[in-house]
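Trainee: I have a structure open on my screen and I'm not sure how to read it. Could you walk me through it?

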2 protein chains.
Amino acid sequence: MKIEYTLFHKDKKTNARYGEIKTNYGTYETPIFMPVGTQATVKTLSPEEIKQMHAGIILSNTYHLWLRPGADIVKKAGGLHKFINYDGPILTDSGGFQVFSLAKPKDISEEGVEFKSHINGDKLFLTPEKSIEIQNKLDSDIAMCFDECPPYPVTHEYMQKSVERTIRWAKRCKEAHKNSNQSLFGIVQGGEFADLRKYSAEETVKIDFDGYSIGGTSVGEDKNTMYKMIDYAVKYLPSNKARYLMGVGEPTDILEGVERGIDMFDCVLPTRLARHGHAFTRMGKINLKNAKYKEDFSPIDNSCDCYACQNYTKAYIRHLIVAKETFGQRLISIHNLRFLIKLTEEIRQAIKEDRFLEYKTNFLDKYR
Amino acid sequence: MKIEYTLFHKDKKTNARYGEIKTNYGTYETPIFMPVGTQATVKTLSPEEIKQMHAGIILSNTYHLWLRPGADIVKKAGGLHKFINYDGPILTDSGGFQVFSLAKPKDISEEGVEFKSHINGDKLFLTPEKSIEIQNKLDSDIAMCFDECPPYPVTHEYMQKSVERTIRWAKRCKEAHKNSNQSLFGIVQGGEFADLRKYSAEETVKIDFDGYSIGGTSVGEDKNTMYKMIDYAVKYLPSNKARYLMGVGEPTDILEGVERGIDMFDCVLPTRLARHGHAFTRMGKINLKNAKYKEDFSPIDNSCDCYACQNYTKAYIRHLIVAKETFGQRLISIHNLRFLIKLTEEIRQAIKEDRFLEYKTNFLDKYR
């Protein structure tokens, strides 16, 4: 079965929307934040911990899984859910973003992208067909089209050619897609150019995908440009399909995205921050390595219902991080992920009650 | 309350003994293997995971906790149990072993040991009184006397002087000990010299401790010498007190120790092996990084009831270890610790049924 998006309620004052996505692995309300499990694991965490924080969908990276352990091994294991022992829905990206950011492509042609493995330098070639073949084998619930992620900024001329090619690639992806239990999302590109975002959105929607994602918004541009990119694209997306803003996880950006009509978010930020001892709180991010937490026997966030905040003090977590003990990273990861998931829970409630803007203002008043 | 050891049953053919230790945090059967939480955490694991593997007592290191976060912070947190959120019993070592192995002492005098912190090179001074003061503050259930751990080999003359000093230090430890909820164990030293082990055991027992430990058996000597050291010491220890063989965790050595009358073991081996991708099985240790496990979709050990073996395949754990994902280390740590704890469960059952030697032979026939 493909996923099914249902729009329950649209906020009266903004484009914020409350809905749900039905998948083969359960039904989840939107807007939603998806934890990222790059290498077939959300760093340091177990599937049970992911469930306990009420995560709906998690994301895993096609590029990484292709290189290690390889798509065939995951297929032989019975697909990604079985391989990692997670019975919730999983979204895989196309590998495009990693190829362009991590592997530094050697050559982009109409056929695909030649690049070097970031692990061993092997010459590799990724095409729309190959990306879909890998994702079909991974058997994720949602696959993404293979797109070009141009750097920022590029000229209008370059971006236009890139968008046109990404549209041709999207058609090839849909053509190549063979997994009837997997949905396929198209990706809107076009950088900061309103006309190209419109063109990309309209042409991608014409191909008809199970959902749409807005790409290229987190490649180093300023926040206002990012929000404009969403505005430029989202109005051309059908309201009966889910909308996914890729790679976005700052609380402020989630709120701005929701306000503009986004349903799904993902980002490595919560787990990456955890690695460095940084934790989300209602007052903003704090650095637990700071000496002032040495004797602070209160939880990271008094209002938080996560396992870390229910059981551990800042002083203990600080000790673990300073002593480079991974249990510290694990506790902050749990907290940071739960923080964003809770944020989307509260956002949903606010939309239901037509008070999204009020909620956003209240949240941002405290959060610095 | 101090701990209470009760001897239930002595094996008919060997010195193996089945008993229990009553503590302020529950009652636990012996022989027992204790997971090591060096820096106030059993590496990568939560207290719930430690409980789930039926660990009885865990061990934490006074030297490490003294340096980071500091004994006063742990005391302010309400003691080590509260600090780390573990409501099972905890044993702390004296810091002696780390000072002699990790910090390389600059000067050993009658008063104590001067050494440099392995973290920042700070000059530090540890004495019997200081070690006990720290352990009193940590508020562990069992504290250890501060002893000298001489390198191996040393001359009989050096060892004799060292043993005599360790006995004087043991008296000072008992004198300094002020925590009525904490038990204090004496440590028998004496290297491979039968007369010194006898002397050390008899003199230490005269001081009268809540239990006795045999030290200096894992400092690089061959296995037979290690077993002889146990033989030399254990016969002078009272049968109504628990006996603890420090730093020993190889399955073979646990079996040999139990046969000689040991009740408690600890070792960093299970978690250290896990870090390198090595796992215990009934057939011996395996290296999960080995390419032959790439497509092995069976658990580490079919007969194992641990969380890792119940839920994950070798292929997945291998992927995690190769990709340097700590969830892999976490899964193997759970398995390796459960393996040794299960071993002691089976040992206890075998002793109860007077078939310890048969169990040992059967186990070692398969385990290579």
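Mentor: Sure, let's go through the two chains, a few residues and some backbone details.

Mentor: A word on the ground rules: this is a predicted model, so local features need pLDDT of at least 70 and side-chain atom pairs count only at pLDDT 80 or more, while totals for chains, interfaces and linings use all residues. Residues are numbered from 1 along each chain as its sequence is written, chains are lettered from A and ligands numbered from 1 in the order in which they are written, and side-chain values use heavy atoms, with hydrogens and water left out.

Trainee: What turn and shift lay chain A on chain B?

Mentor: To compare copies, you superpose them by least squares on the C-alpha atoms of residues with pLDDT of at least 70 in both. Here a turn of 180 degrees, with a shift of 0.0 Å along the axis, lays chain A on chain B with an RMSD of 0.0 Å. That is the relation of a two-fold axis. The same surface serves both copies, too: 100% of the contact residues of chain A recur in chain B.

Trainee: How many residues of chain A are in contact with chain B?

Mentor: Contact means heavy atoms within 4.5 Å. By that rule, 35 residues of chain A are in contact with 35 residues of chain B.

Trainee: And what area do chain A and chain B bury between them?

Mentor: Buried area is the accessible area (1.4 Å probe) that two parts lose on being put together, summed over both. For chain A and chain B that comes to about 3100 Å², with 53% of it on carbon and sulfur atoms. On the chain A side, Tyr316(A), His319(A) and Glu325(A) lose the most area to chain B, together 18% of what that side buries.

Trainee: How many salt bridges are there between chain A and chain B?

Mentor: For a salt bridge, look for a side-chain nitrogen of Lys or Arg within 4 Å of a carboxyl oxygen of Asp or Glu. Between chain A and chain B the count is six. Try finding the one that Arg330(B) forms with Glu49(A), where the closest N and O atoms are 2.8 Å apart.

Trainee: Which helix of chain A gives the most to the side that touches chain B?

Mentor: Helices (H or I, at least four residues) and strands (E, at least two) are DSSP runs, numbered from the N terminus. The elements giving two or more residues to that side of chain A are α1 (47-52), α3 (71-76), α4 (80-84), α12 (307-311), α13 (314-322) and α14 (326-352). Of these, α13(A) gives the most, with five residues.

Trainee: Let me try a single residue. Is His81(B) buried or exposed?

Mentor: Buried means under 20% relative accessible area, exposed over 50%, and partly exposed in between (1.4 Å probe, protein chains only). His81(B), in helix α4 (residues 80-84) of chain B, counts as buried at 6%. Leaving aside neighbours within four places in sequence, its contacts include Tyr25(B), Tyr86(B) and Asp139(B). The side chain of His81(B) also reaches the backbone oxygen of Gly88(B) at 3.3 Å.

Trainee: What about Asn136(B), where is that?

Mentor: Asn136(B) is in helix α6 (residues 128-138) of chain B, and at 14% relative accessibility it counts as buried. Its side chain reaches the backbone nitrogen of Lys178(B) at 2.9 Å. Beyond four places in sequence, Asn136(B) touches residues including Ala176(B), His177(B) and Gln182(B).

Trainee: Now the backbone. What should I look out for?

Mentor: Most residues other than glycine have a negative phi, and most peptide bonds are trans. In chain A, the peptide bond from Thr30(A) to Pro31(A) is cis, with omega near 0 degrees. Pro31(A) is in the loop between β3 (26-30) and β4 (32-34). In chain B, the bond from Tyr152(B) to Pro153(B) is cis as well, with omega near -5 degrees.

Trainee: And what is phi for Lys324(A)?

Mentor: Lys324(A) has a positive phi of about 55 degrees, although it is not a glycine. You'll find Lys324(A) in the loop between α13 and α14 of chain A, and at 74% relative accessibility it counts as exposed. Over in chain B, Lys324(B) has a positive phi near 55 degrees and is exposed at 73%.

Terms used. Polar contact = N/O pair within 3.5 Å; in protein donor to acceptor, adjacent residues only side chain to side chain.
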